[in-house]
Amino acid sequence: MITWGHDALRLEISDARLVYLGPPGGELYQAALPLVEVTATGHGRHWSTHRLVDTTIGARMRYRRHHATADVLTVELHDPQTGLAAEVIYRSPEGLPVLRSEVILRNEGEETLLLESVTSLTVGGLTADVDSADVLWADNDWLAEYRWQRRPLRVTSPQLNGRVRYGNGKCCFTLAGQGVWSSCGNLPMGGLADRETGRTWLWQIEHNGGGWRWECGEREGAAYVALSGPSDAHHGWRHPLAPGEVFRSVPVALAVGDHDGAFAALTRYRRAIRRPHPDHQWLPVIFNDYMNCLMGDPTTEKLLPLIDAAAEAGTEYFVIDAGWYADADEDWWGSVGAWEPSASRFPGDRGIHEVLDRIRLRGMAPGLWLEPEVIGVRSPLAKSLPDEAFFRRDGVRVTENLRHHLDLRHPAARGHLDRVVDRLVSEWGIGYLKLDHNIDPGSGTSSHDGEAPAAGLLGHNRAQLDWLDGILDRHPHLVLENCASGGMRSDNALLSRLQLQSTSDQQNLQLYAPIAASAPTAVPPEQGAVWAYPQPGDSPDEVAFTMAGALLGRIHLSGLITELGPEARDLVHEAVTVYKGLRADLPQAVPAWPLGLPAWDDPWIVLAMHAPTATYLTLWRRGGEETLCLPYPNRAELLYPAGGKAAIREGRQLTVTLPTAPSAALLRLR
């Protein structure tokens, strides 16, 4: 028996199986699974199913030794038949009920093994009663991100046994990512909740590509979860492991607590493992000229008044979004890659530097939009870079929507991007780069001989993380935003490096409310970029609605603020001032949802942020009754909008009235 952990989390292992994971003092699991499950060609599963569990290699793995420190537990296993050795590595930040897990496989045998799946974490026996368990997942689509769903596990894994017992069965609920967008379709997250006890298990797969998979189902009368990177069944992933070679799985994490407590634990865990950066504490206000504003059509003439208006509002970064590199009459989509400024958009001797100088003169740091991983088919770089620098399959360069995709494992691809970034930062004085990604070239790349495309994609994904680390090593104060058509790359692998996460491209202020409220499930509030884009025709309530949505995250101010009337302009300036008064609390705050995670059409949406000294509440009303009661007996203060119509009544419950819809308010509870 191996016992390891701390005051918030205890882990127990017996006979190469995880028999307990939770707070100290709990009962051991009765349906434990092997620590690692592995399939390889010729070594499949005990049952005819594509589940990740019940593998023959996993069942044969035997304990060899273990090493434990306060921070890391490593358990070494060995399969005597194939000679495959495994190091299962567990980490848990002190005081957090979160377990991080990854697996290193080493072929100590005499023959090459063709790996087809490897779990990074398997945990069985999670509930005493499957009938009381719910499975949680998040649908994540363009313009409709972070939509959490909850269904009884019995709906996804129905009871199959009557008088005749059929063993472990084959039903389970499975989600898998595809392509290069890690969160396209679904977040690489999930959960299991016990309705009777309230105990919740939340997990995330820390992978910056679509090659991930998790499954949750029933085994031996209890619920289990298995988490992995790419697999053969879902992604066509195969990895030849020759004698002496090593393969490392994708890291994953599992949090334990009640519903909001598990999300709070994941939030604190994400902060504990990410790369340090001053932006995480400062939280500067950002103006970006894209959303409901210039929409990819920047010019000197259009930008100069926006820069002045943004400075007057209190903005600290000004970001020029897409279009700065292309002439106004050019169809630039298929010609990108060189990242040089357009002379027609920025005329005169100084060109774009006239605009950048104006940004600095008004006390802001300049930023630019960049889509680094793509080269347009009409770009000169499509010919000057070698074929090996691009995604290829069966020797043919991949083309998707007039673009090729760089393979960052190749030195020519990485060298090109390093030169671009170093020029923009060191020579132009750029302090912020919005890194976007707007194509999905499919299964991956087979650029190397005998390589499965999904294996090539995994290699590129890991090279991308290394490239990002290199940028920040050279430019430690550069701020990098993670964007992929909005929130199509919301994953903790990228967020452990990059400072901000774009949450959506949604342009409808009312539809943005559930996105902004649910984004903290996947992104710490100090990293969640939320658009606030007031328009000249908006009512004061609508201006306050869009501004309030960003006040518990990161303000991405946009919209045609130069054309706002005095009342609307005052509401924008007031929101930025309020934000600067509370933003010091956000890096220590954790989210909660007094009404539960919002549904897409909910008339009322409420997001709470619990900081050490106060609780903040953003309330959006899109319809329904004008009064809402919340289980907070605290003293409440209306922070924004100060001159709005919100009415607050304190007592055993907090009663808030918003007489118009749409409208929103930000409260502080003491």
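Author: Two strands are said to pair if DSSP finds at least two bridges between them, and in this predicted model that criterion underlies the description of a barrel.

Reader: What makes the 8 strands a barrel, and in which order do they close?

Author: The strands close in the order E21-E22-E23-E28-E29-E30-E31-E32, and the pairing is parallel. From one strand to the next, the twist averages 30 degrees.

Reader: How do you know that strand E28 and strand E29 pair?

Author: The definition asks for at least two bridges, and 4 bridges join E28, residues 432-435, to E29, residues 479-482, so the two strands count as paired, and they run parallel. Within this part of the barrel, Lys-434 stands opposite Glu-481 in E29.

Reader: What makes E21 and E32 a pair, given the number of bridges that join them?

Author: Strand E21, residues 286-288, is joined to E32 by 2 bridges, and because the definition requires at least two, the pair qualifies, with the strands running parallel. Ile-286 has His-556 in E32 as its bridge partner.

Reader: How is E32 joined to strand E31, and in which sense do they run, parallel or antiparallel?

Author: Strand E31, residues 528-532, and E32 run parallel and are joined by 4 bridges, with Arg-554 in E32 as the bridge partner of Ala-529. Between these two strands the chain passes through helix H14, residues 540-548, in a β-α-β crossover that is right-handed.

Reader: Why is that crossover called right-handed?

Author: The term applies if, with the strands pointing away from the viewer, the path from the first strand over the helix to the second runs clockwise; the crossover from E31 through H14 to E32 is assigned to this hand, so its path is clockwise in that view.

Reader: Why are both faces of strand E32 called covered?

Author: Buried means under 20% relative accessible area. Arg-554 and His-556 on one side, and Ile-555 and Leu-557 on the other, are all buried, so each of them falls under that cut-off and both faces count as covered. In a regular strand the side chains alternate between the two faces of the sheet.

Reader: What makes strand E9 mostly covered, and which strands pair with E9?

Author: In E9, residues 113-123, 10 of its 11 residues are buried. E9 pairs in the antiparallel sense with strand E4, residues 38-40, over 3 bridges, with strand E18, residues 239-241, over 3 bridges, and with strand E17, residues 222-228, over 4 bridges. Leu-115 in E9 stands opposite Ala-40 and has His-239 in E18 as its bridge partner, while Leu-121 stands opposite Leu-227 in E17.

Technical notes
Residues numbered from 1 in each chain as written. Predicted model: local features only at pLDDT ≥ 70, side-chain atom pairs only at ≥ 80, totals over all residues. Heavy atoms only, no water. Axes fitted to C-alpha atoms, helices over the stretch in contact; angles between N-to-C directions. Buried < 20%, exposed > 50% of the residue type's maximum accessible area, 1.4 Å probe, protein only.
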